[in-house]
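Let's take a friendly walk through the spaces inside this protein and the surroundings of its ligand. Have the model open as you read.

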Amino acid sequence: MPTPAPTPQPVPQPVLSPLTRASLFLVLTVDPGGEPAVRELLADLAGLRRAIGFGYPDAQLSVVAGIGSEAWDRLVDRPRPAELHPFRELRGARHHAPATPGDLLLHLRATRQDLCFSLGTEIMNRLRGHVAVADEVAGFSYLDQRDLLGFVDGTENPVGREAADAVLVGEQDPAYAGGSYVVVQKYLHDLDAWNRLPVEQQEQIIGRRKLTNLELDTPGSHVVLNTITDPDGTERKILRDNMPFGSPGSGEFGTYFIGYARTPEVTEEMLRHMFLGDGPTSHDRILDFSTAVTGTLFFAPPADFLEDLADQPAS
Ligand code: HEM
């Protein structure tokens, strides 16, 4: 008897792409009636990326599309992924994580800003008249992978197999295996106040040395609050690709936080620790110098799922 052909594994979108020097984050809302144009764009997204990126193989141009929970029901005629819901706003005693609108996320990355710009322009040429732009941020890699607070950001990101396990949906939701949940938040920094703090105090807040990046074991630090474990002691990780952004002219300086995970639960627990505190720690002191102005949760389905959207009956 012939052996049955193995079931093809879903191909993820390039959520595991390496950290790059440049990025563009587009958060869009879909106009009523704009659904067919959005579905067609999502189905063509990989082709657009290929067209623009093919001539620059070293530039690692990639794009990931995420769909928000309310938009899912308008765009897709299949049930929502098991854990897709609107971003959960958090109100702590001192700090607030708002939930803000967003039907679509486009996360563009490359080693060169011009390629993100070029792909972003083609995407928007296709979507103009069908969507509104809720937020647009061009992020850049700063010095030796530092955020604008001056600390190296991204060190503890999982890599290889560990990254795939942390980020990609598996058997817990077989219909969406290979997808990933993604949380974005735009933070604005009060850099004048931050830079008035002695470096030793900044280091206690982050939980790492500023110059050498070596880890400190300071209770209540950002690093400690975001190190979370299962009851059996296994660390629960997310994959971050935070990007600095800013404008010296207008004095706006920020960090665009983006975290991918196989379940939004992990990122949500980190956010609860930061905004509502954990044990004796009332909140993450990074927030005394950083204000969250947006917050949205998306699901980035597998690549072939996006391609099939073009064949879906019009809603
Ligand atoms: C103002 C925004 C933020 C800034 C400037 C920032 C900066 C940093 C820096 C400098 C580190 C240490 C180096 C590293 O391992 O990457 C770090 C670690 C980390 N951050 Fe953030 N972060 C921000 C927001 C967030 C948010 C919103 C989350 C989660 C929801 C988060 C989760 C983490 C995690 C999981 C680690 C690694 C902890 C470990 O295992 O050592 N961060 N962050």
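## The enclosed space

Around the largest cavity there is a lining of 16 residues, and those nearest its centre are Gln145, Asp153, Asn242, Met243 and Pro244. By type, the lining of this cavity comprises four nonpolar, seven polar and five charged residues. Please keep in mind that you are looking at a predicted model.

How many cavities of 30 Å³ or more does a search of the whole structure find? The search turns up one. The volume of the largest cavity comes to about 140 Å³.

## Where the ligand sits

Now turn to the ligand, which sits in the largest pocket. Two or more residues of the shell around the ligand come from each of these elements: strand S7 (180-189), helix H7 (222-225), strand S12 (252-261) and helix H8 (264-276). H8 contributes the most to this shell, with four residues.

The ligand has 28 residues around it, and Gly154, Thr155, Glu156, His222 and Arg240 come nearest. Sorted by type, the shell holds eleven nonpolar, eleven polar and six charged residues.

## Polar contacts to try in your viewer

Oxygen atoms of the ligand are a good place to zoom in. A backbone N or O atom of Gly154 is 2.5 Å from one ligand oxygen atom, and a polar backbone atom of Glu156 lies 2.9 Å from an oxygen atom of the ligand.

With Asp153, the side chain takes part: one of its polar atoms is 3.5 Å from a ligand oxygen atom. You have met Asp153 already, among the residues nearest the centre of the largest cavity.

Conventions: Residues numbered from 1 in each chain as written. Predicted model: local features only at pLDDT ≥ 70, side-chain atom pairs only at ≥ 80, totals over all residues. Heavy atoms only, no water. Near = heavy atom within 4 Å. Polar contact = N/O pair within 3.5 Å; in protein donor to acceptor, adjacent residues only side chain to side chain. 1 Å grid on protein atoms, 1.4 Å probe; cavity = no way out; pocket = protein on both sides within 12 Å on 5 of 7 lines; lining within 4 Å. Sits in = over half its atoms within 2 Å of the grid points. Nonpolar A, V, L, I, M, F, W, Y, C, P; charged D, E, K, R; others polar. Points joined across faces, edges and corners; volume = space filled by probe spheres on them.
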